[in-house]
Amino acid sequence: MRMCIFLLILIGFMLFLPLIAQNNYIIIVNKSAQGESLNRGNVESIFLGKKSRWSDGTKIIPVNLKQGEVHESFIKEVVRKSTNAYMNYWRKMIFTGKGVMPISFEDEKEVVEYINRTEGAIGYISSLSLLKGNEYVKEISLTD
Amino acid sequence: MMRKQGIIHLVAFMISLPLLAQSLMDRIEIHGLISQGYILSSDNNYLNMKTPKGSYEMNEAAINFSTNITDRLRGGLQLLSRDLGKVGNNAVMLDWAYADYRFRDYLGFRIGKIKTPLALYNEIRDVDALRTFILLPQSVYDENVRDFSFAFQGIGIYGNVPLFGLGDVEYNLYTGAFNIPNPSSGFWYDSFSNLATGAEMVVANDSTTIEKLNITNSNVTADYIWGGSAYWTTPLEGLKLGGCYLYGSLYMSTDIAIFMKVTSSVQPGSNLYQSRQPNLDVDVKIKDYYTLSGEYAIQNLTLTGEYHSRIYRVHIRTSDLLGFPIDNDYQLIGYYGQATYRFTDWLEAGAYYSFYDDVDSHLEGTPSWYFTQKDICAAIRFDITPNLLIKFEGHKIDGVGLALSAENPSGRTQHWNLFAIKSSINF
């Protein structure tokens, strides 16, 4: 009996362990969107293509990393999907003609440089130090 | 002087052509897929294939092109070649081609040939890479009726509406027409055969024996279709609920030649040979076609369940034969529950239980398993690379409700098994 309870607790802990926030990403936007107020749901909608415009009507350009821990954490915690499910979501959009995969880069530096030169762009990286020299990129904090 | 300027302009244009082409190519997204499968059953020809002998006639290939024409306007098309037994035969067809104007996130418009938004997986039923299983649960995703459920030509309105803390709703409304690419095979052939069997039952009596039955000049014309869907992404993480509805109309006609031997009551022991050649006209309304869906994804586990019902309202007229016209409603229902789990980036497994019942076709004296089909399926999927996968799948099936009688003239077996393997690439 004690062993059963122990195993149940252990399984429950293992299932929920990944849910403990790791939050190793920061969200960045092009300066044109700096004044926007965003919550997690807004960002989720952006990266699923459901929200396509900023409040001033500018087109939102979501930017992904192709892989890595920062990408996995962001997709899991903000978009609330596994990376496989996220990939499949966009493949469905592609093969039904409803959308195209957001632009993605291997390197965080490329993400920053792209957002720096692209009005309406939003993405995620691991460290603010990468923003050095890119004056049109700002961190944005999520509201509750 | 004018001629010189014209030549300069022409040369400038020709020099710029590669640049224009490159610019256009840079803006056009191109994607595609190729998949090939093998299917084997212990009994019963299935899905238009002689599956007891094994069949490789299960493949798809597609390529699509899409681009943003303006900030709010997209355009694209997908060409599809598929084969499933006698259906498709790898003829290249236009799978979808439409213009999409997104006025606002909550309101957009599509015109052209559009995949019909039915249930959770109808729009992607040909994209093997987007699911764990080779065969979708046939109780809801019946391949036999694919012709009027996979795409339509017309207009659609769509959008995503946030519910201010209660998630969001994605909706679609549409109307148009649909094509019947294969009016003489599969489901339609089975339907005409059933009509002929009905006519046979009308003329046959104690003194009449049917010697031969011919079906000729079969034709199916699709009329119109309209419908809608709504799916609620709930505030509970991973839970999606929704449903869809469709209404359609089509027309079938066929000539039947019935050759009979009639025992003479005047001269016992002698026979007369007669023939009757009625033409049957059938108006079919696909009414109350709906599916209710629920999906719950937590971590790497996804649980899905769907319930489907549809009614065919059939009105049969004939130039001959007593007992006609006939007006009847035929209801079919189906449902399934499935679970899939992704163990690693390269390994996923799943199982489902599916139930189908051709409710209004049950005949007294005929076992019910002729009209029902219970299917237990287990599958495993290996993603060898992000673009290449292979799947293995087994089915334990009770009943032949979806194994067409016209495909099994020698009879059908109640308990049977099916195995399938399929590999796909996508880019």
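Is A:Phe74 buried or exposed, and what is its relative accessible area? A:Phe74 is buried, at 0%. Keep in mind that this is a predicted model. Some notes from going through it:

1. Chain A overall. The secondary structure here comes to five helices and seven strands. Reading from the N terminus, the order is α-β-β-α-β-α-α-β-α-β-β-β. Chain A has 144 residues, and 44% of them count as buried. As for the contacts in chain A with a separation of 6 or more, 69% come from residues 24 or more positions apart.

2. The ring pair around A:Phe74. Over all chains, the structure holds 23 aromatic pairs. Take A:Tyr25 and A:Phe74: their ring centres are 5.6 Å apart and the planes sit at 90 degrees, so this pair is edge-to-face; the cut-off for that label is over 60 degrees. A:Tyr25 is in the loop between helix 1 (2-16) and strand 1 (26-30) of chain A, while A:Phe74 belongs to helix 3 (residues 69-77), so the pair ties together parts that are 49 residues apart in sequence. A:Tyr25 counts as buried too, with 12% relative accessibility.

3. A cluster to look at. The A:Tyr25 and A:Phe74 rings don't stand alone: ring pairs link A:Tyr25, A:Phe47, A:Phe74 and A:Tyr124 into a cluster.

4. A ring pair in chain B. The rings of B:Tyr335 and B:Phe355 have centres 5.3 Å apart, and with planes at 35 degrees the pair is tilted. B:Tyr335 comes from strand 13 (residues 326-344) and B:Phe355 from strand 14 (residues 347-357) of chain B, so parts 20 residues apart in sequence are tied together by the pair. B:Tyr335 is partly exposed, at a relative accessible area of 33%, whereas B:Phe355 is buried at 13%.

5. Where the chains meet. On the chain A side, 22 residues are in contact with 37 residues of chain B. Between them the two chains bury about 2,800 Å², 43% of it on carbon and sulfur atoms. If you want three residues to click on, pick A:Lys50, A:Phe95 and A:Lys98: they supply 27% of the area that chain A buries against chain B, more than any other three residues.

6. Polar side of the interface. Three salt bridges turn up across the interface of chain A and chain B. One of the residues to check is A:Lys50, which forms a salt bridge with B:Asp168, the closest N and O atoms being 3.2 Å apart. There are also 13 residue pairs in polar contact across the interface, both partners at pLDDT 80 or more. Helix 4 (residues 83-95) of chain A gives the most to the side of chain A that touches chain B, namely six residues. That side divides into six nonpolar, eight polar and eight charged residues.

7. Backbone oddities. Most residues other than glycine have a negative phi. Which residues in chain B are worth a look on that score? B:Leu47 has a positive phi, near 55 degrees. B:Leu47 is found in the loop between strand 1 (29-41) and strand 2 (58-68) of chain B, and at 4% relative accessibility B:Leu47 counts as buried. B:Asn89 is another non-glycine with a positive phi, about 50 degrees. B:Asn89 lies in the loop between strand 3 (73-84) and strand 4 (92-104) of chain B.

Technical notes
Residues are numbered from 1 along each chain as its sequence is written. Chains are lettered from A and ligands numbered from 1 in the order in which they are written. This is a predicted model: local features need pLDDT of at least 70, side-chain atom pairs count only at pLDDT 80 or more; totals for chains, interfaces and linings use all residues. Side-chain values use heavy atoms; hydrogens and water are left out. Contact means heavy atoms within 4.5 Å. Buried area is the accessible area (1.4 Å probe) that two parts lose on being put together, summed over both. A salt bridge is a side-chain nitrogen of Lys or Arg within 4 Å of a carboxyl oxygen of Asp or Glu. A polar contact is a pair of N or O atoms within 3.5 Å; within protein, one must be able to donate a hydrogen and the other to accept it, and residues adjacent in sequence count only if both atoms are side-chain atoms. Helices (H or I, at least four residues) and strands (E, at least two) are DSSP runs, numbered from the N terminus. Ala, Val, Leu, Ile, Met, Phe, Trp, Tyr, Cys and Pro count as nonpolar, Asp, Glu, Lys and Arg as charged, and the others, Gly among them, as polar. Rings of Phe, Tyr and Trp (its six-membered ring) pair if their centres lie within 6.5 Å; planes under 30 degrees apart count as stacked, over 60 as edge-to-face and the rest as tilted. Buried means under 20% relative accessible area, exposed over 50%, partly exposed in between (1.4 Å probe, protein chains only).
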